[in-house]
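Here are my notes for you on this structure, written as short numbered points. Have a look at the model first, then read along with it open.

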Amino acid sequence: MSKVGIITGAGSGLGQATAVQLAEQGVNIAVVDIDEEGGRETVEKVNKAGAEAIFVKADVAKLEEVKNYVNETVNQWGQIDYFFNNAGISGSGGYFLDTDPEEIEKIVQINLMGALYGVRYVAEVMIENGGGAIVNTSSSAGVIGQDSVVTYSATKHGIVGLTKSMVAEYAKDGLRVNAIAPGPTETPMVKSYFEANPKMKESAEKGIPQQRLGTPEEVAELVTFLLTSKADYINGEVVRIDGGFTNTK
Ligand code: NAD
């Protein structure tokens with residue numbers, strides 16, 4: 001029987017690239033995103049790669065919408081084997097004391113509450129069915145401190161805590177939970193930002209020992225590996241994929 005995966009933020013970037021790679025391995029995908037156009041595009045790509053897909057529009061910050069994407073997936077296929085808990089936003093990038101409380105709340109609500117809600121309801125289904133694998137998206141900013149990203153960094157450090165502590169409670173029930181910590185990766189969002197600010201791109205690349213940004217496909221390879229049974233004894237790990245960036249800080 002085919003495996004089933006849920007991917008949040010699957011309408012773009014890391015989520016979309018991972019949807020395609022899992023589909024190439026025959027995994028059926030519930031494409032979850034707030035953006036309908038991106039979500040539909042991913043469904044087409046998954047179908048082209050030979051797997052089934054459904055699109056479920058959801059804002060991961062809203063509990064009822066999280067419960068709904070879990071229910072829709074179970075109604076469609078009766079199981080959830082893999083969960084790429086990935087939707088997130090970066091914020092406007094200013095210093096913390098210049099940041100509006102509304103922006104702080106929005107980033108926490110999407111990046112941290114959205115991830116917690118997702119694990120809360122997906123893991124329940126997985127454990128009922130004997131287990132499953134989850135990959136949560138953290139960031140370089142989730143493993144080191146950096147300026148201009150205080151709230152984002154707080155949420156991404158929170159993802160690390162979520163990952164490790166879930167393992168302490170539920171590994172015995174067949175659950176694997178890992179996190180990825182990507183450095184700057186050329187997703188559409190980052191690409192257009194750097195196209196508008198070429199000097200920023202240059203300075204970002206200089207700060208990375210491998211002197212280039214990562215690609216969504218490279219990150220998708222890692223997520224696919226961590227989700228599937230090839231990584232069966234890897235649990236509670238936070239895997240950095242950043243060209244050496246955080247290890248040289
Ligand atoms: P992206 O903007 O290309 O994709 C993010 C997707 O999430 C979009 O399709 C967007 O519509 C969706 N989304 C945003 N808010 C949502 C919400 N409330 N509910 C549902 N969907 C929502 O960005 P990406 O670079 O692929 O980012 C994916 C994840 O990777 C994020 O958690 C981000 O913080 C993290 N990350 C990215 C980088 C990078 O350099 N690109 C580095 C480290 C971590």
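The points below go from the sheet to the helices, then to a few odd backbone angles and the surface.

1. Before anything else, keep in mind that this is a predicted model. Every value I quote is computed from it.

2. Let's start with the sheet. In what order do the seven strands of the open sheet come? They run S3-S2-S1-S4-S5-S6-S7, and the pairing is parallel. At the edges you'll find strand S3 (53–57) and strand S7 (238–241); each has a single partner strand, so one side of each has no neighbour in the sheet. On average, neighbouring strands here are turned by 15° against each other, if you ignore direction. As general background, strands of a sheet pair through backbone hydrogen bonds, either parallel or antiparallel.

3. Now zoom in on S2, residues 28–33. Is it buried or exposed? Six of its six residues are buried, so the rest of the structure largely encloses this strand. You can check it face by face: Asn28, Ala30 and Val32 are buried on one side, and Ile29, Val31 and Asp33 are buried on the other.

4. S2 also gives you a nice pairing to trace. Strand S1 (residues 4–8) runs parallel to S2, and five bridges join the two. Pick out valine 4 and look across: its bridge partner in S2 is asparagine 28, which is one of the buried residues from the previous point.

5. For another pairing, go to strand S5 (residues 132–137) and strand S6 (residues 175–182). These two are parallel as well, with six bridges between them. Here, alanine 133 stands opposite arginine 176 in S6.

6. On to helix H1 (residues 13–24), where you can try a quick sanity check. Its twelve residues should span 16 Å at 1.5 Å a residue, because the expected span counts one less than the number of residues. The end C-alpha atoms are 17 Å apart, which agrees.

7. H1 is mostly covered too, with ten of its twelve residues buried. Among them are Gly13, Leu14, Gly15 and Gln16 towards the start of the list, and Gln21, Leu22 and Ala23 at the end of it. Following the helix is glycine 26, which has a positive phi near 85°.

8. Which other residues have a positive phi? Serine 148, at about 70°, does so although it is not a glycine, and glutamine 211 is another non-glycine case, with phi near 60°. These are worth a second look because most residues other than glycine have a negative phi. Serine 148 sits in the loop between S5 and H5, and it counts as partly exposed because its relative accessibility is 23%. Glutamine 211 is in a loop as well, between helix H7 (198–206) and helix H8 (216–227).

9. Just after that first loop comes helix H5 (residues 150–170), which includes valine 150. This valine is partly exposed, with a relative accessible area of 40%. Together with Phe96 and Leu97, Val150 makes up a nonpolar patch on the surface, and the three share about 320 Å² of accessible area.

10. Last one: proline 188 belongs to helix H6 (residues 188–196). At 49% relative accessibility, proline 188 counts as partly exposed, since the cut-off for exposed is over 50%. Try finding threonine 137 from there: the two are 51 residues apart in sequence, and 17 Å apart in space, C-alpha to C-alpha.

Technical notes. Residues numbered from 1 in each chain as written. Predicted model: local features only at pLDDT ≥ 70, side-chain atom pairs only at ≥ 80, totals over all residues. Heavy atoms only, no water. Patch = residues over 30% accessible without salt bridge, like charges linked within 9 Å, V, L, I, M, F, W, Y side chains within 5 Å. Areas by Shrake-Rupley, 256 points an atom, 1.4 Å probe, with all protein chains shown as cover. Salt bridge = Lys/Arg side-chain N within 4 Å of Asp/Glu carboxyl O. Helix = DSSP H or I, 4+ residues; strand = E, 2+ residues; numbered from the N terminus. Buried < 20%, exposed > 50% of the residue type's maximum accessible area, 1.4 Å probe, protein only. Pairing = 2+ DSSP bridges. Axes fitted to C-alpha atoms, helices over the stretch in contact; angles between N-to-C directions.
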